[in-house]
Amino acid sequence: MARPPESVVHGSQAPSDETPRAQAKDLPAIDRLLRLSSVGALVDEHGHTLVADTARALLSELRTAAVAGRLSQSAIESEALTRTLHTRVQTRLVPRMRSVLNLTGTVIHTNLGRALLADEALKHLLAVMQAPNNLEYDLATGSRGDRDSIVENLLCELTGAEAATVVNNNAAAVLLTIAALARGKEVIVSRGELVEIGGAFRMPDVMESAGARLVEVGTTNRTHPHDYERAINERTALLMKVHTSNYAVQGFTSAVDEATLCGIAHARGLPVATDLGSGALIDMAAYGLPREPTPQEMLKAGCDVVTFSGDKLLGGPQAGLIVGTKEAVGRIRKFPMKRALRMSKLPLAALEATLMLYLRPERLAQDLPTLRLLTRPLADIEATARAVRPELQAALSARYTVECVPLQGQIGSGSLPVERLPSAGLAIAPVEKKGSGRALDALAAALRHLPTPVIGRIADDRLILDCRCLEDADKLTNQIPLLSL
Ligand SMILES: *Cc1c(COP(=O)(O)O)cnc(C)c1O
């Protein structure tokens, strides 16, 4: 990695006692700096604005350093100045959002962007974003169309729903569903399902934002049909189930399943909504993965509305999917808040292409990266770890030991929280036990500073690199020579 440009002022180029110091008056005027021929090339490439702004900021910093007596003559020679200016301009053009290698062992990692898009989704996205498209234009009639229609039929076909709509993310789907069906009224939820998903998404708060009153029933571990029955009154508008996606209640437990709850609600003319969180559209067990409830099952059980995420197990872009009855989805779609939460054309294009992959289930485990990674054979993962180990050991030489180890990974994003995925990877331990915490932090930082940052995790005094999501070992081994510790 290039040294940060700050080194002109601090670090190696700060004047020692012998080097002559520069005065503020020795610094060139901005116009003179911009007229240097090598700076001219930079202006030709990027235009005057970016280069002049960057030069102005640089000169101002150098002036401060000079006044403080911290600037050497050598730092302000034309060549050094130009070099620094080049680096700074390049640095400003490096996007903040970058690709990383996810070696955390958590496949759908919320902090690392969740699901990877399939090639088909990327191709479609690029193709329809480069030109005008029929986002809200009905090609059959030549009149205004509805963006929902792009994915509604597919979603209905895949889930068995009568109707479907989509919004920006699943938090928005839940908020909109509650607001549209129960604003100013009561929503009954089991105390065992008052989930916090992370960040600011807590069921009781969402209820409040949606303008509905939460009525809690049952206890943390047990809720019975009569708990719901007793809570229903003339103010009740909705009964809700929330999939406890990031924790599990185990032991002496009892919950009311969707079919029973729908029986109770429908007998009183009330709808039931289920928030699934991660929505697997396929039976995960058929792929040897832990079972997850599907929207299909929830609809069969009688739920009026089912909400789920687009970028968790579904393996698509960020999206909130809402499927259900014509009646309920119709009310949700017409609710004014929908306009503020609607999906943009970018993820919508990616979502359509992702959903289409489900029309070819036999190919899904190859075509959908999330499923491909989740079902990657253990022997493959172990082979990757073995391929990387010697090179990493050589680069870390005497300071660390690198071992191939069996690991337990996770699906992630709150899906299937207690289940573990048998995986494999590398465990790196400092040889010197004294100061090993610092040595591990230094190594983790060095890995993060690679051109494609490598993200692992520290556990039990070791840095762990889970190789499940490293399908191409070269992406790591090619970078090992750049590792600077
Ligand atoms: C993840 C999750 C959400 C939020 O979905 P986003 O797509 O992240 O907005 C809501 N409910 C449950 C149960 C979840 O697991």
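Here are four short exercises on a predicted model, each with a worked solution.

**Exercise 1: strand 10 and its partners**

Work out which strands pair with strand 10, and in which sense.

*Solution.* Start by finding strand 10, which covers residues 272-278. On one side of the bookkeeping, strand 9 (residues 236-242) pairs with strand 10 in the parallel sense, using four bridges. To pin that down in the viewer, look for L239 opposite V272 of strand 10. Next, go to strand 11 (residues 305-309), which runs parallel to strand 10 and is joined to it by five bridges. Your marker here is D275, whose bridge partner in strand 11 is T307. Finally, trace the connection: strand 10, helix 11 (residues 295-300) and strand 11 form a β-α-β unit, and that unit is right-handed.

**Exercise 2: buried or exposed?**

Decide whether strand 10 is mostly covered or mostly open.

*Solution.* Go along the strand and check each residue against the cut-off: buried is under 20% relative accessible area. Seven of the seven residues in strand 10 pass, so the strand counts as mostly covered.

**Exercise 3: L239 and the nonpolar core**

Find out how many residues the largest nonpolar core has, and what L239 touches.

*Solution.* The largest nonpolar core has 56 residues. L239 is among the residues with the most contacts inside this core, along with L351 and L355. Helix 6 (residues 149-159) gives the core its largest share, five residues. A second core of 33 residues is separate, and A172, L181, V187 and F201 are included in that one. Back to L239: skip its neighbours within four places in sequence, and its contacts are I188, Y228, I232, L261, A265, L270, P271, V272 and A273. You've already met V272 in this list, as the residue that L239 stands opposite. As a rule of thumb, nonpolar side chains in soluble globular proteins tend to be buried together.

**Exercise 4: two positive phi angles**

Locate R114 and D460, two non-glycine residues with positive phi, and describe their settings.

*Solution.* Take R114 to begin with: its phi is about 55°. R114 sits in the loop between strand 1 (101-102) and helix 5 (119-129). Its side chain makes a polar contact of 3.2 Å with the side chain of T110. Not counting residues up to four places away in sequence, R114 touches I108, H109, S309, D311, K312 and S413.

Now D460, with a phi of about 50°. D460 is in the loop between strand 16 (457-459) and strand 17 (462-466). The relative accessible area of D460 is 67%, so this residue is exposed.

Terms used
Residues are numbered from 1 along each chain as its sequence is written. This is a predicted model: local features need pLDDT of at least 70, side-chain atom pairs count only at pLDDT 80 or more; totals for chains, interfaces and linings use all residues. Side-chain values use heavy atoms; hydrogens and water are left out. Buried means under 20% relative accessible area, exposed over 50%, partly exposed in between (1.4 Å probe, protein chains only). Helices (H or I, at least four residues) and strands (E, at least two) are DSSP runs, numbered from the N terminus. Two strands pair if DSSP finds at least two bridges between them. A crossover is right-handed if, with the strands pointing away from the viewer, the path from the first strand over the helix to the second runs clockwise. A polar contact is a pair of N or O atoms within 3.5 Å; within protein, one must be able to donate a hydrogen and the other to accept it, and residues adjacent in sequence count only if both atoms are side-chain atoms. Contact means heavy atoms within 4.5 Å. A nonpolar core is a set of buried Ala, Val, Leu, Ile, Met, Phe, Trp, Tyr and Cys residues joined through side-chain atoms within 4.5 Å.
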